[in-house]
Structure formats: structure tokens, C-alpha cells
Amino acid sequence: MRIYLHIVLFIVLILSTNGCSENAKEADGSLFISTEEIEVLGVGETKSVFIKTNKDWVVSCSETWCSINPSSGNKGGYNLTININENTTTEARSAIITVEAGDLIEQVNVNQQANSLLNLEVSNYSISSEGGDINISLKTSGDFTINILSDWLSQKNLKSVIDTSLVFIAETNDSYLKREGNIEFVLNGKKEIATITQEGIDVSITPDQSGVEKNAMSLASEIIVGWNLGNSLEVPTGETDWGNPKTTQNLINGIKNAGFNAVRIPCAWNSYIVNDETFEISESWLNRVKEVVDYCYNNNMFAIINIHWDGGWLEEHPLYAFQDDVNKKQYALWVQIAKFFRDYDEHLLFAGTNEVRENYSPPTTENITVQESFNQTFVDAVRATGGKNAYRNLIVQTYNTNITYGYQYHTMPVDQVENRLMAEVHYYDPWDFTGDTSNDFKSQWGSGYTDVSEWGQEDHLNEQFALVKEKYVDNDIPVILGEYGAILRSELSGDAYQNHVASRNYFLKTVTKAAIDNGMIPFIWDNGHTGNEGFGLFNRATGAQVHSDAIQAIMDGAQ
């Protein structure tokens, strides 16, 4: 029993002694830090230090180029993030990080290497399209490497080590597009980049207002009713590949004699590029388009040339992913077109695009933003050529040339000359009457007829064209109704065919009249096909009228 009591007393004595030791340790405190030295590169770095303490703590650095996060805390373990700025001098430097926990202090020495000196005196250079020497000066504390990142740039002389002056050569830019190149200098992980911007071919000449005196509203008042040379010059694989013969003066004479005083000439251009890098257009194709424009001029008619569908490279890509590439090509093509036709007077108008859309659904913000950038690029490109193009009247399109989308979303581009822009919309409502070739088509249109669509009749037409008048015409912006029409359904027979032809003519007359009443300029769509499901009105080979009743309906509406 006595031995047992002695053992118990001994255990109690040990426990009480340990407790006193722990309490004493708690009173004295502890502070642990994972390192006493940090080595840092001259370009600056971020380091990590671990501390552990049983007291509240703070940390500081002796130099402002060293910062620490967090800068204080309670007892426990912490990872401190040490941010060291770039050493802007060529001398090594040091700092002291101090951690204080109560009366306990630990320090970390920070040693930063001297920085490699590599400074460009100028980082951005501009050079003309002709190219030539580019003098680049930089200061350096050691040997460096040069990386030329653009194949149209090269080095002319050898580099030295300190206070270097280098000469590089830019090749001639044979493109109408501005381009940007980079030269990279590297020393011990430090990089400096010189950016060289080279202008495209300078095509500008002094602005010339002779022959292009009329502003948009004044010129629009002289264009009465127009006709589309559809499915001809816009065919990507060749003018005759969609079944129409080569356009002749006789055809345009026939259009003039029928009462039209303007021709819209849809054009392909991308298909006639002969250099994929510069987007150079075939000279023979430019001359062919000129021939057709001249057919109109010979009759004192107005002519409109555009960039049409052409495989959809522009028309079907109003998306951010394609925006830059499409705008580059759009700019290069229009600079060439505008330059080639620069001396023509105001009877020639340019239209930037056609029915640009991602799909036939309402546009997204992306769709509108990109589509309207195409319009702006068109205007900028034409104006950049100067001469009569500085004042030429230009035509820009709503999204998908849709009236409702135009009313809701469209804004006109910025132009350097006032009142020289027109807008363009198209009208094929209701499609089940005007163009549907499925079995669900409607053969008639308008009041007094029975086989009509549930929508898109006279009330819809008037509502749509009133929107155009409110948005544009009332604000002194003329509007081209660039396309409208209805296919002929000659597969019908008897009374069904007679009623179809009568209602089709009523449609053509009514739309033409409504367009003019609302200040629009109507251009009937003609694809050259005069048979079943065709929009054609004329014999393309001779210029003779095939559907004189439809042509007369248009002229009656124009009166």
C-alpha cells in the first residue's frame, strides 16, 4: 500500500512539473520562419515564406520595392507571399523582412540581382508602303538576341553590345492593307518589342466634287424605278454559269426602253482574286464589270454595283471569329473597286454588301456589331481613295436587309462627308407567295383574292414601309428597296393561273407604289429565268419583254 502511494505521488509530481513547463513555454512564446535568405532575379519575382507562431504577429520590409501579403495575423501557421518588383538599376540591392511576434523577432535577408539593362528608346515605328530603313536605338548591359517575327522585316547591320543603334529593312507593302510587324530583343529573360506599322498602298488623290455635286436626297429624287441584273455578274464561277447569257448593250437598252432608269448590278469579287495575300482583283474582271456599267451610262441610266453573296465569305459571317479577316478583305476589295471606278460621276453608286446574316432569326448583339462593322469598313475604304469617291453617294444595308431589324437595330456608319449615305432594305413578304417552291405555296396575294397567306397582305406592307419612312426618309436618309418581286407559277392552269397572274401583277404594282409613296426607290428582282418559279421579266439574250404585263404593273405603280 505504501509503495502504491509513492508511485501515485511520483506521477502527480511529473504531471505538475510538465504543466509548469508548458505554461512557461506559452509565456515565453515561439516564432518559426522557414528561411533566412531569399535570392531574387533582377526582373523581379514572387516568393513564398512560411511562418508559425503562438502569438499575434506583424511583418514588414525595409524597402518599398518589396511587399508582403498578409502583413499581420494571429497565432498559427501562415504562407507569406513576397512580391519583389523589377530592379530598375544595374546594381544589386538588398532588403530585410522583419517578422515580430510579441518580443520575438526573426528576419529574412532579400538579395536581388542587378537587372539586365535592355531599354528601347522608341517602341513604335511607322513606315510608308514603299518600305526602307528603320533605325532602332536601345541601351543594354550585355549581349542580347534578336528575333524578327515578321517575314517582311530583316536586319541590315550587326549588333554591338552597349548603346546600340540597329538598322532594319522593311520590304515594300504591295497590299492595300496596313500591316504590323514585331522585332523582339531578349537579354537574360527580359524582352523588349519594337512594333513597326506599315501603311498599305496609298491610293488617295485630291477630293473632286465635279460630277458628284448632289447629296443623297437630291440624287435619290432622280432615280425613279430600277431593275436587277440578277444571277449574272454575281455568279462565283462565271457570268453565264447560272443559265443566263453574257450581258449585252441590247439587254440594257431593253431595260431602258421599258421605263427603268436604274440598274442594280450584283457582283462577285472574291471569286476573281488573283493574289490571296494582297486580295488583288483580276484586271479583266474589273474591265468586264466596267463594260456593264458603261452599258447603263450609254443610256444615261444610274448604276449600282455591290459585293453580293459570292459564296457567302462575307454575307454569312457576321460573327466575332470572322470579323477581322472579313473586314481586311472587305477593305482591300473596296479600295480597288473604288479606285478603278473613281472617275465616274454620280450616276454610279456603290453598295457595300447584300443580305448579311448568320441565319434568318432575329440578330444578336454580336451579329449587329459585326455586320455594321462591314458597313463602316466599306465607307472608310471608298472615302480613302479620294477624287469623286470623296463625295460619291454610298448605300449601306440593314441586317439581312430586313425592314424590322433595320428599324430596331440599324445605325448608319460614320462618314467624313455629310448627307451622302443611303440605306438599303429588301421585301419578299409573304414568302409563301413571293418565293416558296414547296407544296405549301400560296398562288395569290391581296384583298379580293382567296388563295392568300394568313399574313403579309396590304396592311403588313403599309406598316413595314411606314417604318422605313419614319426611321430613314423622314430623317433625310434615302432608302433603296434593293430587291422585291414574286415568282411566276406557270405550272398552274386555267382560272388558277389567270388569278395568279392578276394577283402577282397587283402585288408588283402595289409594292412599287407603296415604296415610292414612302420615299423609297424600288428595284425589281430579275434572275433571268422567265419560266415556272422564275423572277425573270426580259429575254436576257435580246432585251425583249417576256412578261410585259408584269413590267406594266411596275410602271403603273411608279406613276
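Contact, in these exercises, means that heavy atoms lie within 4.5 Å. The structure is a predicted model, and every exercise below refers to that model.

**Exercise 1. Describe the surroundings of Q457: where does Q457 lie, is Q457 buried or exposed, and which residues does Q457 touch?**

Solution. Begin with the position along the chain, where Q457 is found in the loop between α8 (431–434) and α9 (458–471). Next take the accessibility: a residue is called buried when its relative accessible area is under 20%, and because Q457 has a relative accessibility of 13%, Q457 counts as buried. Then list the contacts, setting aside residues up to four places away in sequence, which leaves P430, W445, G446 and V452. Finally, look more closely at G446, whose backbone nitrogen is 2.7 Å from a polar side-chain atom of Q457. Another of these partners, P430, sits in the loop between β25 and α8, and the peptide bond that joins D429 to P430 is cis, with omega about -10 degrees.

**Exercise 2. Describe the barrel: how many strands does the barrel have, and how do β24 and β25 pair?**

Solution. Recall first that the strands of a sheet pair through backbone hydrogen bonds, in either a parallel or an antiparallel way. Here eight strands form a closed barrel in the order β18-β19-β22-β23-β24-β25-β26-β27, and the pairing is parallel. From one strand to the next, the twist averages 30 degrees. Now choose one pair: strand β24 (residues 394–397) is joined to strand β25 (residues 421–427) by four bridges in the parallel sense, and within this pair Q397 stands opposite E424 of β25. To finish, add the helix that packs on the sheet, namely α6 (residues 365–383), which touches β23 (348–351), β24 and β25, and whose direction makes about 170 degrees with that of β24.

**Exercise 3. Describe how α10 and α11 pack: what is the angle between these helices, and how far apart are their axes?**

Solution. Two packed helices are described by the angle between their axes and by the distance between the axes. For helix α10 (residues 494–517) and α11, the angle is about 30 degrees and the axes are 7 Å apart. Since angles under 35 degrees count as roughly parallel, α10 is therefore roughly parallel to α11. The crossing of α10 past α11 is right-handed. On the side of α10, the residues making the contact include V501, L508 and I516, while those of α11 include A550, A553 and I554.

**Exercise 4. Describe V468: in which helix is V468 found, is V468 buried or exposed, and how far in space is V468 from G519?**

Solution. V468 is found in helix α9, and because its relative accessibility is 1%, V468 counts as buried. Compare next the two kinds of separation, for V468 and G519 are 51 residues apart in sequence, while their C-alpha atoms are 8.7 Å apart in space. When neighbours within four places in sequence are left aside, V468 is in contact with I403, V425, V473, V479 and M520.

**Exercise 5. Examine the backbone at E533: what is the value of phi, and where does E533 lie?**

Solution. Phi of E533 is near 65 degrees, which is a positive value in a residue other than glycine. E533 is placed in the loop between β27 (520–524) and α11 (548–558), and because its relative accessibility is 29%, E533 counts as partly exposed.

Terms used. Residues numbered from 1 in each chain as written. Predicted model: local features only at pLDDT ≥ 70, side-chain atom pairs only at ≥ 80, totals over all residues. Heavy atoms only, no water. Helix = DSSP H or I, 4+ residues; strand = E, 2+ residues; numbered from the N terminus. Buried < 20%, exposed > 50% of the residue type's maximum accessible area, 1.4 Å probe, protein only. Polar contact = N/O pair within 3.5 Å; in protein donor to acceptor, adjacent residues only side chain to side chain. Pairing = 2+ DSSP bridges. Axes fitted to C-alpha atoms, helices over the stretch in contact; angles between N-to-C directions. Parallel < 35°, antiparallel > 145°, perpendicular 65-115°, else oblique. Left-handed = near helix turned anticlockwise from the far one by under 90°.
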